[in-house]
Each structure stands twice: as C-alpha cells, then as structure tokens.
Amino acid sequence: MDHSDHGMDMDLAPFTLERGLAFTGEPFFLTGCLLALALYGWGVVRLRRRGDAWPVGRTVGFVLGVLLIALVMCTALNEYGMVLFSVHMVQHMVISMLAPILLLLGAPVTLTLRALPSAGRGRTGPREVLVALLHSRYLRVVTHPAFTIPLFIASLYALYFTPLFDFLMGSTAGHLAMMVHFLVVGLVFFWPIMGVDPGPHRPGYVMRMLELFIGMPFHAFFGIALMMASAPMVTTYADPPASLGVDALTDQTWAGGIAWAFSEIPSVLVLIALIFQWYVSEQRQSRRSDRAADRDGDRELAAYNAYLASLQSRQR
C-alpha cells in the first residue's frame, strides 16, 4: 500500500504519545465534531432560556464523547493508524465503544425533542419528523437485538478477516467511511442497552444486561485470535514502514490485546450505568407507591371521619 495515497506527508518517526496527539485537523471529523457540539450547546441554551433545567452530567458526557472522537480522528493518531495496527485498533475501540457510551449518556435525542418547537396541529416540522422516525418500522428493525448484535459482531470478523478491510484502507474516503460505520454501529448497539433516550425498544434491565454480555465475548475472542496468530492476518499492516522500527506480528499482538481489553472496560462502565438507573427507577417507583398509599390512607381517614360525623348527627 502506498502511504502517500492517504496524504501522509508526516515524518514517520517511531510512535510516541506526544507525536500521536499532535493536532492535524482531519476536516471531515473535525467539522462533524464542531457541528455536534454547536447543536448540543444550542439545545442546552434554548432550554435554559426557557427556564428548563438540563443535567450538567449529561452535557459533560456528551462533550467527552465528542472530544474522544476528535482525539482519535483529528490528531496524528489517525495518520499513525494507517500504518500501525495497534494504533488503528485504539481508534476503532474508542470510536465504536467508548465514545458512543458517553454520547448516549448525554441523551441527545431527549435534548432535541425538548429543544425543538412544536410545529402546531396539522403541521410537520423537525420535531414531528424526529418523533415519526422514532416510531418508524425502520428504526424498530435497526435497533432490535436480532439486528444490532449480529451487526456488532460482523463489524469485527466480516471486516478484518476478509479483503474488505484492505479495500477500505486503500483510500482516505474508504478509511473515513469505515470509521463512520464503527461509530454508527456503536450507537445503535448501545442505544437500547443504555436506555437513556427514548427509542422503539425499551427492554427491562435484566434483558439489557443480557444483550450487553451476549456481544462482548465475541470482542474478547476477536482480540485473542489476533494475539494468538503466528502470522500477520491483515495485509494492510503486514509490512510497517521500516522507519517506525515495529515488527508486524508484535504490532498485531498489541492490537489484539487492545481489542480484548476494550471488551471489558466499556462493559463495566455500561453495567455500572445500568445498575445506577435500576436503583433510581426502583427509588422513584417506591416514592410513587408511598404517595399512592398516603392518598389512599387520606381517603380512608376522610371516609371514616365522615362516618363518625354522620353518627353524631343521628344522635343529635
């Protein structure tokens, strides 16, 4: 593969964290990240001006998710990722697993629904289009576990272990399309599991945990397969530039270790979030039950007082 095809005029010196974090400003993802932050900020400001509150934690989560995407796509990490399997795997795992979780914790769909004005009776505006999309058959299909789990798994095995990966890595457009695919797959996989935003599927907490743990072992197996291989398994990274001083098989082993580790870290984060949501939901339900019991008790007391009053009136 000719690395000049990707516009890589950078000095391919041995990778260090300082070189990897150098800002390069990849235009496609930089534009997308800035636009996402601007739209989210607009929604929060609109709510605040209207006198409505929006949790700071959600804003922090969304901003962190966008910044993580910018970190792996708008710095030299993106350029090193074209020639080092390990760096590419960091990009893949961050953009398909860690960033989507943070973005979804920011509840962007909920914010959009609250910020967009209603078009009025009989009219169709952006808010009405979004509501219709959330209730559409298309979204019910693409967010169903029977679709999201196989898609999540196929994004690993059907991509890396077939010629498709080398084809996409042969051009800048293909590389960017692959990264967008990773992000979209991560979002649709974790959306019903996180359950923060409204969606076509709202399974119970136990079912969400099952969906999470069905997909994660395949990530671990994928990482182990890379680590145990005795030869480079991806042609793109079979012959790293000599200036990097990296052995292809060693680099692939590192890539496998990164994939294996990322099957554990996001799982723990999502599990903590689900347990916390479950606890809050139970507390809310308990308070609702207590209020209902209080109302029933008040009605019974009022009825009893009325009964006593009627007895006294009869005696008089």
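## A walk through an all-helix model

Let's start with a single pair: the side chains of Asp52 and Arg50 come together in a salt bridge, with 2.9 Å from N to O. Opposite charges on side chains can pair up when the charged atoms come close. A search of the whole structure finds one salt bridge, so it is worth a look at where the two partners sit relative to solvent. Asp52 has a relative accessible area of 28%, which makes it partly exposed. Arg50 also counts as partly exposed, at 42% relative accessibility. Please keep in mind throughout that this is a predicted model.

Now step back to the overall fold. The protein chain has 14 helices and zero strands, and from the N terminus on its elements read α-α-α-α-α-α-α-α-α-α-α-α-α-α. Of its 316 residues, 42% count as buried. Among contacts between residues at least 6 apart in sequence, 78% join residues at least 24 apart. The accessible surface adds up to about 16,700 Å², and carbon and sulfur atoms account for 66% of that area.

Helix 5 makes a good guide to the interior. Covering residues 85–105, this helix has 21 residues, which at 1.5 Å a residue should span 30 Å; the C-alpha atoms at its ends are 29 Å apart, in agreement with that expectation. Helix 5 also has a kink of about 40°, centred on Val94. Just how enclosed is helix 5 by the rest of the structure? Because 19 of its 21 residues are buried, the helix is largely enclosed. Following helix 5 comes Ala107, with a positive phi near 50°.

Two residues of helix 5 show what surrounds it. Gln91 belongs to this helix, and its relative accessibility is 0%, so it counts as buried. Setting aside neighbours within four places in sequence, Gln91 is in contact with Val72, Met73, Leu77, Asn78, Gly81, His175 and Met179. His92 is found in helix 5 too, and at 2% relative accessibility His92 is likewise counted as buried, since the cut-off is under 20%. Its contacts, again leaving out neighbours within four places in sequence, are with Ser155, Leu156, Tyr160 and Phe182.

Another buried glutamine leads to a different part of the chain. Gln252 sits in helix 13, residues 248–262, and is buried, with a relative accessible area of 2%. Which residues touch Gln252, apart from neighbours within four places in sequence? The contacts are Phe85, Leu226, Ala229, Ala231, Pro232, Met233 and Val234. The link to Phe85 spans 167 residues along the chain, yet the C-alpha atoms of Gln252 and Phe85 are separated by 6.0 Å.

Long-range pairings also turn up at residues that are partly exposed. Ala22 lies in the loop between helix 1 (17–20) and helix 2 (27–49). With a relative accessible area of 35%, Ala22 is partly exposed. Beyond its neighbours within four places in sequence, Ala22 is in contact with Thr75 and Ala76, and the C-alpha atoms of Ala22 and Leu77, 55 residues apart along the chain, are separated by 8.0 Å. Leu77 may ring a bell, as one of the residues in contact with Gln91. Leu133 offers a further example: its place is in helix 7, residues 126–134, and its relative accessible area of 39% makes it partly exposed. The C-alpha atoms of Leu133 and Gly199 are separated by 9.5 Å, with their positions 66 residues apart along the chain.

Let's finish on the outside. A nonpolar surface patch of about 1,100 Å² is formed by Val206, Met207, Leu210, Ile214, Phe218, Phe221, Ile224, Met227, Met228, Trp260 and Trp278. Which helix supplies the largest share of this patch? That is helix 12, residues 205–228, which contributes nine residues. Trp278, one of the patch members, has its place in helix 14, residues 265–315. With a relative accessible area of 31%, Trp278 counts as partly exposed, and that value passes the requirement of over 30% for joining a patch.

How values were computed
Residues numbered from 1 in each chain as written. Predicted model: local features only at pLDDT ≥ 70, side-chain atom pairs only at ≥ 80, totals over all residues. Heavy atoms only, no water. Helix = DSSP H or I, 4+ residues; strand = E, 2+ residues; numbered from the N terminus. Expected span 1.5 Å × (residues − 1). Bend = angle between axes of the 7 residues up to and from the residue. Buried < 20%, exposed > 50% of the residue type's maximum accessible area, 1.4 Å probe, protein only. Patch = residues over 30% accessible without salt bridge, like charges linked within 9 Å, V, L, I, M, F, W, Y side chains within 5 Å. Areas by Shrake-Rupley, 256 points an atom, 1.4 Å probe, with all protein chains shown as cover. Salt bridge = Lys/Arg side-chain N within 4 Å of Asp/Glu carboxyl O. Contact = heavy atoms within 4.5 Å.
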